[in-house]
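User: Hi! I am new to protein structures and would like to learn how to read one, feature by feature. Could you walk me through this example?

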Amino acid sequence: MLLTDVRAMVNASLRDGRLPASQKTPSTPLLKKPPLHAGDVKSYRPVSNLTFMPKVVERIVAGQLAEYLQSIGLMPRLQSTYRRHHSTETVLLWVLSDIFCAADRQHVTLLGLLDLSAAFHCVDHDILIHRLQRSFGFGGTVIAWIQSFLCDRCTQQVSYAVGLSAIIQLAFGVPQGSVLGTLLFLLYTAELFYVIAQAGLIGHSYADNTQLYISAPASSSISNRATVRGMRGGHRCVDEK
């Protein structure tokens, strides 16, 4: 009997293209780490404390979207989050394999580790919806449901002593603590890999952590370092007469 009721509620949400207001809760700021100063607002992370039902709906929506994207090859190939049989180990093996292959060709590799600050807070809702429609073919009820998910779910409220602040509507960010928020962030940043490729670099990501690297012949690296040292010392380059 309970399963029948849950199925009916989930199907009604998906059919109507909206997440009921009763299944949305404002974000609650939680301290990121115990050593951080409790009086500094930067020490907090807004987390959505959800009840059972909205978690079920979100997990079903996230599963259907991920399956659709994987089936037609639209999941970012160099992003290991939310991809079947992928994990942080996938990123490590991929990057190390490229570095070792470059070393076999007597190339050296420059590796940069990028970690976006407050990444999940910076998602512009209008840009996200536009990209979902243009790049991934979402429309109709799907877009309506995602807009409903973002509309009243991206709110914030502070609890202090025995009182609660007013609920503030947020124009940016995806709900942290939600199942669907991570997937929406990945689709929002998917075009980053085109920018990386156009710059002649290679990148591989897990969520908001990106490994960015480029390889070059070791001989050119030595020559470039010597040239830079000569320029710093105010002398002519070593290969000049």
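Analyst: Happy to! Let's start with a single residue: Ala207 is buried, with a relative accessible area of 15%. Keep in mind that this is a predicted model.

User: Why does Ala207 count as buried?

Analyst: Because buried means under 20% relative accessible area, and Ala207 has 15%. For the whole protein chain, 35% of the 241 residues count as buried.

User: Where does Ala207 lie?

Analyst: Ala207 lies in the loop between E8 and E9. Those two strands form a hairpin with two residues between them, and Ala207 is in the turn.

User: What should I look at in the backbone there?

Analyst: Look at phi. Most residues other than glycine have a negative phi. Ala207, however, has a phi near 60°, a positive value in a residue other than glycine.

User: Which residue in the loop between H3 and E3 can I set beside it?

Analyst: Try Gln106, which has its place in that loop. The phi of Gln106 is near 60°, again a positive value in a residue other than glycine.

User: Is Gln106 buried or exposed?

Analyst: Gln106 is exposed, with a relative accessible area of 63%, whereas Ala207 is buried.

User: Now the strands. How do I read a sheet?

Analyst: Here is the general idea: strands of a sheet pair through backbone hydrogen bonds, either parallel or antiparallel. In this model, an open sheet of three strands has the order E3-E9-E8, with antiparallel pairing. Strand E3 (107–115) and strand E8 (202–206) are the edge strands, each pairing on one side only. On average, neighbouring strands of this sheet are turned by 20° against each other, direction ignored.

User: How many bridges join E8 to E9?

Analyst: Five bridges join E8 to strand E9 (residues 209–217), and the two run antiparallel. You can trace some partners yourself: Ile202 has Tyr213 as its bridge partner in E9, and His204 has Gln211. Notice that as the numbers go up on one strand, they go down on the other.

User: Which helix lies across E3, E8 and E9?

Analyst: Helix H3 (residues 88–104) does, and it runs at about 160° to E8. In total, the protein chain has eight helices and nine strands.

User: Let's turn to charges. How many salt bridges are there?

Analyst: The count comes to two salt bridges. In one of them, the side chains of Glu191 and Arg134 meet at 2.2 Å, N to O. This pair links distant parts of the chain, 57 residues apart: Glu191 is in the loop between helix H6 (179–188) and helix H7 (192–198), and Arg134 is in helix H4 (residues 125–136). Glu191 counts as partly exposed, at 26% relative accessibility.

User: Which side chain meets Arg15 in a salt bridge?

Analyst: That is Asp16, at 3.9 Å, N to O. Arg15 is exposed, with a relative accessible area of 57%, and Asp16 counts as partly exposed at 45%.

User: Which buried residue has no salt bridge although it is charged?

Analyst: Take Arg83, in the loop between helix H2 (52–71) and H3. Arg83 is buried yet has no salt bridge, and the nearest side chain of opposite charge, Asp98, is 12 Å away. A salt bridge needs the charged atoms within 4 Å. Among the residues that Arg83 touches are Gln70, Met75 and Leu78.

User: Last topic: how do I read aromatic rings?

Analyst: A pair of aromatic rings is described by the distance of the centres and the angle of the planes. The count here comes to four aromatic pairs. The rings of Trp145 and Phe149 have their centres 5.7 Å apart and their planes at 10°, so the pair is stacked.

User: Where do Trp145 and Phe149 sit along the chain?

Analyst: They are four residues apart in helix H5 (residues 140–153), and so are separated by about one helical turn. Trp145 is buried, and Phe149 is too.

User: Which residues form an aromatic cluster?

Analyst: Tyr68, Phe136 and Phe138 form one aromatic cluster.

User: And what about contacts along the whole chain?

Analyst: Among the contacts in the protein chain with a separation of 6 or more, 65% come from residues 24 or more positions apart.

Note on methods
Residues are numbered from 1 along each chain as its sequence is written. This is a predicted model: local features need pLDDT of at least 70, side-chain atom pairs count only at pLDDT 80 or more; totals for chains, interfaces and linings use all residues. Side-chain values use heavy atoms; hydrogens and water are left out. Two strands pair if DSSP finds at least two bridges between them. Axes are lines fitted to C-alpha atoms, for helices over the stretch in contact, and angles run from 0 to 180 degrees between N-to-C directions. Contact means heavy atoms within 4.5 Å. Buried means under 20% relative accessible area, exposed over 50%, partly exposed in between (1.4 Å probe, protein chains only). Lys and Arg count as positive and Asp and Glu as negative; His and the chain ends are not counted. Rings of Phe, Tyr and Trp (its six-membered ring) pair if their centres lie within 6.5 Å; planes under 30 degrees apart count as stacked, over 60 as edge-to-face and the rest as tilted. Lists of a residue's contacts leave out its neighbours within four places in sequence.
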